[in-house]
Structure formats: C-alpha cells, structure tokens
Amino acid sequence: GEAERRLERRLRGLVQVPCIERNAMFATRALATAEYCVLSAGSRLVSYDEAVLTMKLTGLALPAALKETSQGGLAALYDLDERVQRREEQETRKALLREALRRPGSMENICA
C-alpha cells in the first residue's frame, strides 16, 4: 500500500525491497505474538522452553540449502571462495608484470 511505497522510497539503496517486506511482515507477527502472550498469560498449552526447543530441532532438521545462509538460495550460485581465488591470481599476475617491467630491457622481452 501507500505506507509500503513511502518506506521503499525512504530506504531505497539501503535495503532491498524483499528484505523490507519480510522485516515488516515479521515485525507485525512479533507484535501480534507479544499481544497474544500478554492476553493469554497462564493459559498457554506450550511453554516457552518447549517452543524454543522445537524451533531448534526444526532448524537442525532443515537442510542447509533451504536456510537463509551464505550457503543456501542465491548464495549457492555465487561461489565467493572462487571469486577471491580468481582475484588473488589476477593480483599476482599484475605484480609479476609490474616486476618484469622494472627490469632493464623488459619491454623488448614482452613485445618479442
């Protein structure tokens, strides 16, 4: 709605739109949950400890490919280690070339 568009305009360039929407959804859920907890004090069927334990077990059972981590989702397609290695190789080649260019007669060897 209008509030979402205003928020997106305000945060443009700082946060991606899906993150804004997800954060707004979970903030709303957190407020509703807090209100429910206050209103149902003493009449809960599941204790806090049971809920936390269940969440932990669910997280452990969930495959890493489905978790929002650096190894799941789109991150799985973006191999950071490979990119770092390629960049290091490029830097090494540049350093070797600079060193070779400092030697006397280096241009004749490179151009030959």
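**Exercise 1. Place L57 and state its exposure.**

L57 lies in helix 3 (residues 48–61), helices being DSSP runs (H or I) of at least four residues, numbered from the N terminus. The model is predicted: local features need pLDDT of at least 70, side-chain atom pairs count only at pLDDT 80 or more, and totals for chains, interfaces and linings use all residues. Residues are numbered from 1 along each chain as its sequence is written, and side-chain values use heavy atoms, leaving out hydrogens and water.

L57 has a relative accessible area of 48% and is therefore partly exposed, the class between buried (under 20%) and exposed (over 50%), with a 1.4 Å probe and protein chains only.

**Exercise 2. Identify the nonpolar surface patch that includes L57.**

Patch residues have over 30% relative accessible area and no salt bridge, and nonpolar side chains (Val, Leu, Ile, Met, Phe, Trp, Tyr) are joined within 5 Å. L53, L57 and L60 make such a patch, of about 320 Å².

**Exercise 3. Describe the salt bridge of the structure.**

A salt bridge places a side-chain nitrogen of Lys or Arg within 4 Å of a carboxyl oxygen of Asp or Glu. The structure holds one: E91 pairs with K94, and their closest N and O atoms are 3.9 Å apart. The two residues are three apart in helix 4 (residues 80–102), so about one helical turn separates E91 and K94. E91 is partly exposed at 39% relative accessible area; K94 is partly exposed at 44%.

**Exercise 4. Summarise the chain.**

The protein chain has five helices and zero strands. Of its 112 residues, 5% count as buried.

Notes: Patches are made of residues with over 30% relative accessible area and no salt bridge: like charges are joined within 9 Å, nonpolar side chains (Val, Leu, Ile, Met, Phe, Trp, Tyr) within 5 Å. Accessible areas come from the Shrake-Rupley method with a 1.4 Å probe; for residues, only the protein chains shown count as cover.
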